[in-house]
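Hi everyone, thanks for making time. I'd like to walk you through one structure today, so have a look at it first and then we'll talk about charges and strands.

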Amino acid sequence: MKDKEKFERGMGGNVEEQEETTVTLTLDDDSTLECVVLNIFEAGDKEYIALLPMEGPAAEDGEVYLYRYTEDADGKPDLENIEDDDEFELVSDAFDELLDAAEYDEIVGEDELDDLL
């Protein structure tokens, strides 16, 4: 199984069938922070990852961290900071759309959608 497949976590899907995948980030001050992988998604022509801290002030506030996501030749994941404001806005908008779609799917289940069609 590719690392991306292990990381991928579909939003709005059946959570009981999915394993919770975590990533440990090393921050600028060399401290570490354990995060849950919410999703790996495309925005523009690149892939990004959304991470939710598991503890600390960022977790309490529901803060989500967004990073550029790539894999090396061996399939090992690599996360890069998004430093360009325009790129960050593109990624934030794409993630917001994923959240909106997940909320809609939660409110209107597939059975209800079938009834509407």
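Okay, let's start with Arg68. Its relative accessibility is 14%, and because buried means under 20%, Arg68 counts as buried. Before I go on, keep in mind that this is a predicted model.

So which residue in helix α3 does Arg68 pair up with? That would be Glu87: the two side chains meet in a salt bridge, at 2.8 Å from N to O. Glu87 sits in helix α3, residues 85-107, and Arg68 sits in strand β4, so this pair ties together parts that are 19 residues apart in sequence. And is Glu87 buried or exposed? Buried, and so is Arg68.

Arg68 has another partner too. Its side chain meets the one of Glu80 in a salt bridge, again listed at 2.8 Å, N to O. Here the link runs between strands: Glu80 lies in β5, residues 77-80, and Arg68 in β4, residues 65-71, so the pair ties together parts 12 residues apart in sequence. Glu80 has 29% relative accessibility, so we call Glu80 partly exposed.

How many salt bridges does the structure hold? Two. Put together, Arg68, Glu80 and Glu87 are linked in a network of salt bridges.

Now stay with helix α3 for a moment, because that is where Glu89 is found. Glu89 is partly exposed, with a relative accessible area of 49%. Glu89 also belongs to a negative surface patch. Its other members are Asp84, Asp85, Asp86, Asp93, Asp96, Glu97, Asp100 and Glu103. If you have the model open, try colouring those residues.

Last stop: the hairpin. Strand β1 covers residues 22-26, and its two faces look like this: Val23 and Leu25 are on the covered face, while Thr22, Thr24 and Thr26 are on the uncovered one. Strand β1 runs antiparallel to strand β2, residues 32-43, and five bridges join the two. What is the bridge partner of Thr24 in β2? It's Glu34.

Between these strands, the hairpin has five residues. One residue to look for in this hairpin is Asp30, which takes a positive phi near 70°.

That's my tour: a salt-bridge network of Arg68, Glu80 and Glu87, a negative surface patch that includes Glu89, and the antiparallel strands β1 and β2. Thanks for listening!

Key
Residues are numbered from 1 along each chain as its sequence is written. This is a predicted model: local features need pLDDT of at least 70, side-chain atom pairs count only at pLDDT 80 or more; totals for chains, interfaces and linings use all residues. Side-chain values use heavy atoms; hydrogens and water are left out. Buried means under 20% relative accessible area, exposed over 50%, partly exposed in between (1.4 Å probe, protein chains only). Helices (H or I, at least four residues) and strands (E, at least two) are DSSP runs, numbered from the N terminus. Two strands pair if DSSP finds at least two bridges between them. A salt bridge is a side-chain nitrogen of Lys or Arg within 4 Å of a carboxyl oxygen of Asp or Glu. Patches are made of residues with over 30% relative accessible area and no salt bridge: like charges are joined within 9 Å, nonpolar side chains (Val, Leu, Ile, Met, Phe, Trp, Tyr) within 5 Å. Accessible areas come from the Shrake-Rupley method with a 1.4 Å probe; for residues, only the protein chains shown count as cover. Lys and Arg count as positive and Asp and Glu as negative; His and the chain ends are not counted. The place of a charge is taken as NZ of Lys, CZ of Arg, CG of Asp or CD of Glu.
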